[in-house]
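These notebook entries record what I looked up in one structure. I began with the cysteines and went on to the helices, sheets and pockets.

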Amino acid sequence: MFTLRLRFTDLAHHARYHFDAGQFNMLYLHGVGEVAISIASDPKDTHLIDHTVRVVGRVTKALAQLQTGDYLGLRGPFGQGWPMAAAQGRDVLLITGGLGCAPVVSVVHYVLRRRAHYARLIIMQGVKHTHDLIWRRQYDTWAAAPNTQVLLTADQTGQGWPFNTGLVTQLIAQAQFDPANAVAMLCGPEGMMRATAQALQERGLPDHDIWLSMERNMHCAVGHCGHCQFGGSFICKDGPVYPLPEISHLLGVKGF
């Protein structure tokens with residue numbers, strides 16, 4: 001994993017660029033290809049646009065070789081972001097599984113920068129191995145913020161691991177939130193998100209207050225190529241963020 005910190009070569013263009021937490025950009029390298037990457041920075045950051053990237057294929061391997069001052073193409077922003085306006089005044093639960101936590105990092109930055117506009121912030125992350133916690137240096141900083149709770153778990157732990165051992169769903173019982181006044185934002189493998197949504201429902205959180213960031217192989221980002229079709233919608237255009245009631249019938253169904 002690595003983070004690209006980008007700025008447009010045209011400063012006026014950079015000043016006009018706006019995005020919502022949860023949206024993504026298409027990053028392009030000439031002669032290599034293009035890939036969809038979530039924006040990890042806060043929308044109010046006028047200096048740099050951050051993208052945290054996991055190396056999984058040809059394009060991301062090439063992106064990992066870039067040096068300070070190199071150039072690449074950017075299209076975006078695309079997709080529907082997290083419901084930050086609707087979450088104001090409420091507890092915000094951010095629950096991630098595996099390495100796919102980048103889509104909610106922008107929400108952490110968003111809430112902490114506007115701390116008075118939100119109630120409790122609860123950050124829960126579950127990973128397979130303790131070394132998969134790529135934001136480990138930031139957890140202490142986040143946990144020290146006002147009205148913020150950080151809960152971590154790993155399936156496989158090493159000696160001296162001070163946090164929970166097991167699935168991320170086990171953390172929900174420890175989370176301090178009001179189900180009648182909370183919004184949950186989930187990101188990770190679909191199986192993990194299904195189980196987490198069920199655990200949140202058992203805590204009393206309504207379906208319409210549970211939001212999921214879906215992941216598919218997105219090529220065009222405008223709903224034309226069909227690679228990311230999800231039922232009757234396209235994740236690049238209609239997602240990647242969906243309310244649970246809109247997609248619950250598709251989760252876990254082969255072919256979708």
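**Entry 1: cysteines.** I took a disulfide to be a pair of cysteine sulfur atoms within 2.5 Å. The model is predicted, and I searched it on that criterion. How many disulfides does the structure hold? I found zero. I then looked up Cys-220, which is in no disulfide. The nearest cysteine sulfur to that of Cys-220 belongs to Cys-225 and is 3.8 Å away. Cys-220 counts as buried, at 17% relative accessibility.

I next turned to Cys-236. Why is the sulfur of Cys-236 without a bond to the closest cysteine sulfur? That closest sulfur, in Cys-228, is 3.6 Å away, which is too far for a bond; the cut-off is 2.5 Å. Cys-236 is also buried, with a relative accessible area of 1%.

**Entry 2: helix H3.** I looked up helix H3, which covers residues 102–113 and has 12 residues. From its first C-alpha to its last I read a reach of 17 Å, close to the 16 Å expected at 1.5 Å a residue. Is H3 mostly covered or mostly open? I noted that it is mostly covered, as nine of its 12 residues are buried. The buried residues of H3 include a run from Ala-102 through Pro-103, Val-104, Val-105, Ser-106 and Val-107 to Val-108. Tyr-110 and Val-111 are buried as well.

**Entry 3: the three-stranded sheet.** I traced an open sheet of three strands in the order S3-S2-S5, with antiparallel pairing. Its edge strands are S3 (33–38) and S5 (73–78), each of which pairs on one side only. The twist from one strand to the next averages 20°. I then examined the pairing of S2 (residues 24–29) with S3: the two strands run antiparallel and are joined by six bridges. Leu-29 stands opposite Gly-33 in S3.

Within S3 I also looked up Ala-36. Ala-36 counts as partly exposed, at 23% relative accessibility. Its C-alpha lies 4.5 Å from that of Met-26, although the two residues are 10 apart in sequence.

**Entry 4: the seven-stranded sheet.** I found an open sheet of seven strands with mixed pairing, in the order S9-S8-S7-S6-S10-S11-S14. Which strands stand at the edges? They are S9 (164–165) and S14 (241–243); each has a single partner strand, so one side of each is left without a neighbour in the sheet. I followed the edge at S9 further. S8 (residues 148–156) and S9 run parallel and are joined by two bridges. In S9, Thr-165 is the bridge partner of Ala-154.

**Entry 5: the largest pocket.** I recorded a volume of about 890 Å³ for the largest pocket. Of the 36 residues that line it, those closest to the centre are Ala-36, Ile-37, Arg-54, Glu-215 and Arg-216. I then asked which elements give two or more residues to the lining. They are S3, strand S4 (49–53), helix H2 (58–63), H3 and helix H5 (190–202). The largest share, five residues, comes from S3.

I cross-referenced this pocket with the earlier entries. Strand S3, which gives the largest share of the lining, is an edge strand of the three-stranded sheet. Ala-36, among the residues closest to the pocket centre, is found in S3. H3, also listed for the lining, is the mostly covered helix of Entry 2.

Notes. Residues are numbered from 1 along each chain as its sequence is written. This is a predicted model: local features need pLDDT of at least 70, side-chain atom pairs count only at pLDDT 80 or more; totals for chains, interfaces and linings use all residues. Side-chain values use heavy atoms; hydrogens and water are left out. Buried means under 20% relative accessible area, exposed over 50%, partly exposed in between (1.4 Å probe, protein chains only). Helices (H or I, at least four residues) and strands (E, at least two) are DSSP runs, numbered from the N terminus. The expected span of a helix is 1.5 Å times one less than its number of residues. Two strands pair if DSSP finds at least two bridges between them. Axes are lines fitted to C-alpha atoms, for helices over the stretch in contact, and angles run from 0 to 180 degrees between N-to-C directions. On a 1 Å grid over the protein atoms alone, a cavity is a set of points where a 1.4 Å probe fits but cannot get out, and a pocket is an open set with protein on both sides within 12 Å along at least five of seven lines; lining residues have an atom within 4 Å of a point. Grid points are joined across faces, edges and corners, and a volume is the space filled by probe spheres set on the points.
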